[in-house]
Amino acid sequence: MSKLAQITGPAHTRILSVGAARGDLDVPNDDLIGPIDSSDEWIRQRTGIIQRRRASESVGAVDLAVAAGEEAIARSSLDRSEIDGVIISTISNVAVTPSMASLAAYRLGLAPAAAFDISAACAGYVYGVGQADALVRSGVCKNVLVIGAEKLSDLVDPTDRSISFLLGDGAGAVVVGASDHAGIGPTIWGSDGEKWDAIRMTTSFEEYRNNPGEVPWPTLRQDGQTVFRWAVWEMAKAARRTLEASGIEPGDLAAFIPHQANMRIIDEFAKQLKLPDSVVIARDIEMQGNTSAASVPLAMHALLEERPELSGGLALQIGFGAGLVYGAQVVELPDRRTARKPSPDCAPQHTRLTDDHDHSP
């Protein structure tokens, strides 16, 4: 028999708190329509976006990550020494290595917390929550800070009509920790590499390096129709599997927080799921734009600021994007001000969430 010590952790986890940081610049549609030969009306009808928030040149994705993380930590009621893991999902790191997470952890005063980046595009935050949930329940970490942080304006071609007018900058962060009841359901995730190039970079950095002056800086492009069909039909199936794995009916939800890709996708998504009118749908894209890995936590933050009574209710969160990849969970929404201490007295009065993580996706 092995003499290795066995690490054990708590049976359940939940999101203790949420923080956000948005780009400091308001960029209305009228500022973008010239290079794409379009109009404010066309963008609104196609995407539902009125403006997007973008960051000044001097503000990097890591700065947004730190600001969002700072708020999440402050609202968690934890001492910084109690946070021993940092996960950042991003496609905006300006360096291949080292990780954005290691710098953010240092700037947030969390060192020597374990820190690493993940790249799962618009599903990345949900992937991070799934990993944080597993790390805490296994006993490897006590509390994990999960951040989705993007400065997508650095990856925009102003003349591109496929995606450039969608994109914004921001970061959203949550702290995941132990709970006396299930606050994070099973993660349902996956990928479809057959559609790998549906959302892609225009060129590789190798091509950019090897052809100076001939190959432009790599920027984002997408095949809009392919992404739309996949997001609406396939992601609705993934969302239904997530509800089933969590033991939840649509009517048990307080909120639906999908990736803020496009208002038309969000509306069609909700229709496919047959969500009752009692479920509040996050629509942060209208004033923020699409922020990839940051969009779900930013939308959660905005929802709780506007509707604090949703705290303690259940939300279906789902991210999906380049890869193509997707991930979803049902989670208990945190208090918008500060974390509630685990206690039977504060357990939410609604259908209990199962976190049967042995459920096969």
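**Exercise 1.** Is Ala 121 buried or exposed?

*Solution.* The structure is a predicted model, in which local features need pLDDT of at least 70 and side-chain atom pairs count only at pLDDT 80 or more, while totals for chains, interfaces and linings use all residues. Residues are numbered from 1 along each chain as its sequence is written, and side-chain values use heavy atoms, with hydrogens and water left out.

Step 1. The classes are set by relative accessible area: buried means under 20%, exposed over 50%, and partly exposed in between (1.4 Å probe, protein chains only).
Step 2. The relative accessible area of Ala 121 is 8%, so Ala 121 is buried.
Step 3. Ala 121 belongs to the loop between strand 5 and helix 4 (124-138). Its phi is positive, about 50°, although Ala 121 is not a glycine.

**Exercise 2.** Describe the chain as a whole, starting from its helices and strands.

*Solution.* Step 1. Helices (H or I, at least four residues) and strands (E, at least two) are DSSP runs, numbered from the N terminus. The chain holds 9 helices and 14 strands.
Step 2. With a radius of gyration of 20 Å, close to the 21 Å that the globule rule gives for 361 residues, the chain is as compact as a globular protein of that length. Here the radius is taken over C-alpha atoms, and the rule is 2.2 Å times the number of residues to the power 0.38.
Step 3. Of the 361 residues, 55% are buried.
Step 4. A contact means heavy atoms within 4.5 Å. Among contacts between residues at least 6 apart in sequence, 78% join residues at least 24 apart.

**Exercise 3.** Which residues does His 259 touch, not counting residues up to four places away in sequence?

*Solution.* Step 1. Locate His 259 in the loop between strand 11 (255-258) and helix 7 (263-273).
Step 2. His 259 has a relative accessible area of 2% and is therefore buried.
Step 3. The residues that His 259 touches are Cys 122, Ile 266, Asn 290, Ser 292, Ser 295, Val 296, Ile 318, Gly 319 and Phe 320.
Step 4. One of these, Ser 292, lies in the loop between helix 8 (285-288) and helix 9 (295-306). Ser 292 is buried, at 3% relative accessibility, and has a positive phi of about 55° although it is not a glycine.

**Exercise 4.** Why is the pair of Trp 230 and Phe 320 edge-to-face?

*Solution.* Step 1. A pair of aromatic rings is described by the distance of the centres and the angle of the planes.
Step 2. Rings of Phe, Tyr and Trp (its six-membered ring) pair if their centres lie within 6.5 Å; planes under 30 degrees apart count as stacked, over 60 as edge-to-face and the rest as tilted. The count by this rule is 7 aromatic pairs.
Step 3. The ring centres of Trp 230 and Phe 320 are 6.4 Å apart and their planes stand at 70°, so the pair is edge-to-face.
Step 4. This pair links distant parts of the chain, with Trp 230 in helix 6 (residues 224-246) and Phe 320 in strand 13 (residues 314-321), 90 residues apart.
Step 5. Trp 230 is buried at 5% relative accessible area, and Phe 320 is buried at 3%. Ring pairs link Trp 230, Phe 256, Phe 269 and Phe 320 into a cluster.

**Exercise 5.** Which residues does a cis peptide bond join to Ala 111 and to Gly 323?

*Solution.* Step 1. Ala 111 is joined to Pro 112, with omega about 15°. Pro 112 lies in the loop between helix 3 (100-107) and strand 5 (114-118).
Step 2. Gly 323 is joined to Leu 324, with omega about -15°. Leu 324 lies in the loop between strand 13 and strand 14 (325-332).
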